[in-house]
Structures are given as structure tokens and as C-alpha cells.
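Please find below my notes on the model under discussion. They are set out as numbered points for ease of reply.

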Amino acid sequence: MITQVSAAGQEHLDALAALRLSFWQDQAAKGSREPTPACNAEELASLLGRRRTHWLVAMRDNKVVGYLFGQTKIVPGEQAQKISSIEEVMTVPAARRGGVARLLVDTALECFARDGSDRTQLRVLWDNAEAGSFWRDVGFAPYLTTLERESTA
Ligand SMILES: CC(C)(COP(=O)(O)OP(=O)(O)OC[C@H]1O[C@@H](n2cnc3c(N)ncnc32)[C@H](O)[C@@H]1OP(=O)(O)O)[C@@H](O)C(=O)NCCC(=O)NCCS
């Protein structure tokens, strides 16, 4: 089955919004405490096309089967760095283990290289075992651990 990855356009907004909502629901189910961002077509439309921001969609048979959101930020300082991050990536359950996410990540890395990126990183939930295996497979290794104390208030 042929998968094609491209930058998301207006025609993908409804599918992208639905998939982004699924991503955040899945993250919450896996223990994420992060607030769910905008998951509607109107707000997503305002995010497309921003500089060094990459919204990618993976298409099969004219259907969106996965997406990736990544960006490159400039961290100022004497040794300023351009640090890219993969913020969100998801493949619809029916298309998993078919190389969709790998292709999305490969394409994002090409976008980051064009941004002039020095490093690429991402955050993954401690308990997200499937994602842990995936990230290892595509070449990412643990670098820094975020610790958080549960609020008692
Ligand atoms: C993680 C996720 C994006 C992987 O998407 P995918 O399209 O199925 O991944 P790929 O087919 O490109 O997998 C590439 C490789 O990663 C590894 N991998 C992917 N999913 C895996 C799983 N569930 N268990 C073990 N290894 C896995 C395998 O080595 C796989 O290669 P193989 O199928 O040839 O063995 C997908 O499971 C998903 O959408 N999960 C929910 C959202 C999520 O957790 N996103 C990551 C947040 S950090």
C-alpha cells in the first residue's frame, strides 16, 4: 500500500483536527497531564504555514492515516542553537506497523534539516511502551528525564 506524506493543506483540516483530538485523548489515557490544545479546523488553519512549523499528513487511498506536528525553535545565547522537536505523531490504528510513522518522521527530519536544525528531540510519556519501541527503532535515545511531583493541592 502506497503512503504519501505531504505538508497539510486546507483540504486536510477536518481529518487533521479529528486525528489530533484522538492523539490527545490517547495521551490523556496514557497519563498525560498536559492540556489538550486546539483540535478544530478553524484554529488549526491559523497554525499552518507558520515559519519553521511543520504539519505533515500521511495519505493512503486519499485518506489521512497519520500526522506529525514538528517545529524548530531558535534558542538564543552565545552558542545559539536551532532545536527541532517532534511534538505529536500518530497513525490511525488500522494503519499501524506499516511504516506510516517512520515515513512521517523521515520527512520531518528533512524539514528540520532545511530549517538548519542542530538537534532534534521529543518528549514521550514514561508509560508509552509502543512509542518507546518506535522511537528507539527510528534512532532516538533517552537523553534527559523530566521529573514531576503530583500536586497535593
Ligand atoms: C507510535 C506510533 C506513532 C507508531 O506508528 P506506526 O505507523 O505503527 O509505526 P511504524 O509502522 O512506522 O513502525 C516503525 C517501527 O517502530 C517499531 N514499533 C512501532 N509500533 C510498535 C509497537 N506497538 N510495538 C513495538 N514496536 C513498535 C517497530 O520496530 C516498527 O517496525 P516494524 O513494524 O518493521 O517492526 C503509533 O503506535 C501511534 O500512533 N500510537 C499512538 C500515538 C503515540 O503514542 N504517539 C507517540 C507519542 S510520543
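1. Glycine 31, which follows H1, has a positive phi, near 105°. The model is a predicted one, and the angle should be read as a computed value.

2. Helix H1 itself spans residues 13-29. Its 17 residues reach 24 Å from the first C-alpha to the last, close to the 24 Å expected at 1.5 Å a residue.

3. The buried residues of H1 are Leu13, Leu16, Ala17, Leu19, Arg20, Phe23, Trp24 and Gln27. They pack against helix H2 (41-47) and three strands: E2 (53-60), E3 (63-75) and E4.

4. H1 and E4 recur at the ligand: H1, strand E4 (81-91), helix H3 (100-115) and helix H4 (129-137) each supply at least two residues of the surrounding shell. The most comes from H4, which gives 6 residues.

5. In total, 23 residues surround the ligand, and the closest are Val89, Thr91, Arg97, Gly99 and Asn128. Sorted by class, this shell has 9 nonpolar, 6 polar and 8 charged residues.

6. Which polar atoms of the protein lie 2.8 Å from an oxygen atom of the ligand? One is a polar side-chain atom of threonine 91, and another is a polar backbone atom of glycine 99. For arginine 102, a polar backbone atom is 2.9 Å from an oxygen atom of the ligand. As to coverage, the ligand taken alone exposes 910 Å², of which the protein buries 81%.

Note on methods:
Residues numbered from 1 in each chain as written. Predicted model: local features only at pLDDT ≥ 70, side-chain atom pairs only at ≥ 80, totals over all residues. Heavy atoms only, no water. Near = heavy atom within 4 Å. Polar contact = N/O pair within 3.5 Å; in protein donor to acceptor, adjacent residues only side chain to side chain. Areas by Shrake-Rupley, 256 points an atom, 1.4 Å probe, with all protein chains shown as cover. Helix = DSSP H or I, 4+ residues; strand = E, 2+ residues; numbered from the N terminus. Nonpolar A, V, L, I, M, F, W, Y, C, P; charged D, E, K, R; others polar. Expected span 1.5 Å × (residues − 1). Buried < 20%, exposed > 50% of the residue type's maximum accessible area, 1.4 Å probe, protein only. Contact = heavy atoms within 4.5 Å.
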